[in-house]
Amino acid sequence: MHSRSYLLLNRELIKLKQEPLWGIEINPLDEASLLDWDVTMLGPVETPWEGGIFKLLIRFSPQFNDKPPEVNFFTIP
């Protein structure tokens with residue numbers, strides 16, 4: 001049986017795969033736990049960041065939804 005956080009994250013991941021967000025690519029690092037996501041974002045159009053490619057790591061805790069995720073940017077804007 002999976003944890004509550006796994007079920008919530010899995011539901012969000014399925015939604016994102018069915019209806020992708022413009023300029024955002026998300027891949028879980030471990031399909032078994034879904035707690036760490038590798039994210040690539042394009043800079044928003046008509047902003048100083050347009051044309052930029054930003055790498056992030058989103059770490060969810062096992063208490064996800066009660067505790068917010070930790071987000072680390074690897075590309076500095």
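This report walks through the core, strand pairing and salt bridges of a predicted model.

## The nonpolar core

Let's start on the inside. The largest nonpolar core has 14 residues, and the members that touch the most others are Leu9, Leu34, Trp37, Val39 and Phe60. Three elements put in at least two residues each: helix 1 (4–18), strand 2 (36–42) and strand 3 (53–59). Helix 1 is the top contributor, giving four residues to this core. As background, nonpolar side chains tend to be buried together in soluble globular proteins.

Leu9 is a handy residue to click on. Once you ignore neighbours within four places in sequence, Leu9 is in contact with Leu34, Leu35, Trp37, Phe60 and Phe64. Of these partners, Leu34, Trp37 and Phe60 also appear among the residues that touch the most other core members.

## How the strands pair

Next, the strands. Strand 1 (residues 24–28) runs antiparallel to strand 2, and five bridges join the two. If you want a spot to check the register, Asn27 has Asp38 of strand 2 as its bridge partner.

Strand 2 also pairs with strand 3, again in the antiparallel sense, this time over seven bridges. Here Leu42 sits opposite Ile53 of strand 3. So strand 2 has strand 1 as one antiparallel partner and strand 3 as another.

## Salt bridges between strands 2 and 3

Now for the charged pairs: the whole structure holds three salt bridges. One of them joins Asp36 and Arg59, whose closest N and O atoms are 3.0 Å apart. This pair ties together distant parts of the chain, with Asp36 in strand 2 and Arg59 in strand 3, 23 residues apart. Both ends are partly exposed: Asp36 has a relative accessible area of 23%, while Arg59 comes in at 40%.

Another salt bridge runs between Lys55 and Asp38, with 3.5 Å between the closest N and O atoms. It also links distant parts of the chain, as Lys55 belongs to strand 3 and Asp38 to strand 2, 17 residues apart. Lys55 is partly exposed at 32% relative accessible area, and Asp38 is partly exposed as well, at 25%. Asp38 is worth a second look: its side chain takes part in this salt bridge, and Asp38 is also the bridge partner of Asn27 in the strand pairing.

## A salt bridge within helix 1

Helix 1 has a charged pair of its own. The side chains of Lys15 and Glu12 meet in a salt bridge, with an N to O distance of 3.6 Å. The two residues are three apart in helix 1, so about one helical turn separates them.

Are these two residues buried, exposed or in between? Lys15 is partly exposed, with 44% relative accessibility. Glu12 is partly exposed too, at 31%.

## After strand 4

One last stop, further along the chain. Ile76 lies in the segment that follows strand 4 (70–73). Is Ile76 buried or exposed? Its relative accessibility is 70%, so Ile76 counts as exposed. That is over the 50% cut-off for an exposed residue, and the core definition takes buried residues, so Ile76 does not qualify as a core member.

Ile76 can also be placed relative to strand 3. Its C-alpha atom is separated by 7.7 Å from that of Phe54, a residue 22 places away along the chain.

Notes
Residues numbered from 1 in each chain as written. Predicted model: local features only at pLDDT ≥ 70, side-chain atom pairs only at ≥ 80, totals over all residues. Heavy atoms only, no water. Core = buried A, V, L, I, M, F, W, Y, C linked by side-chain atoms within 4.5 Å. Buried < 20%, exposed > 50% of the residue type's maximum accessible area, 1.4 Å probe, protein only. Contact = heavy atoms within 4.5 Å. Salt bridge = Lys/Arg side-chain N within 4 Å of Asp/Glu carboxyl O.
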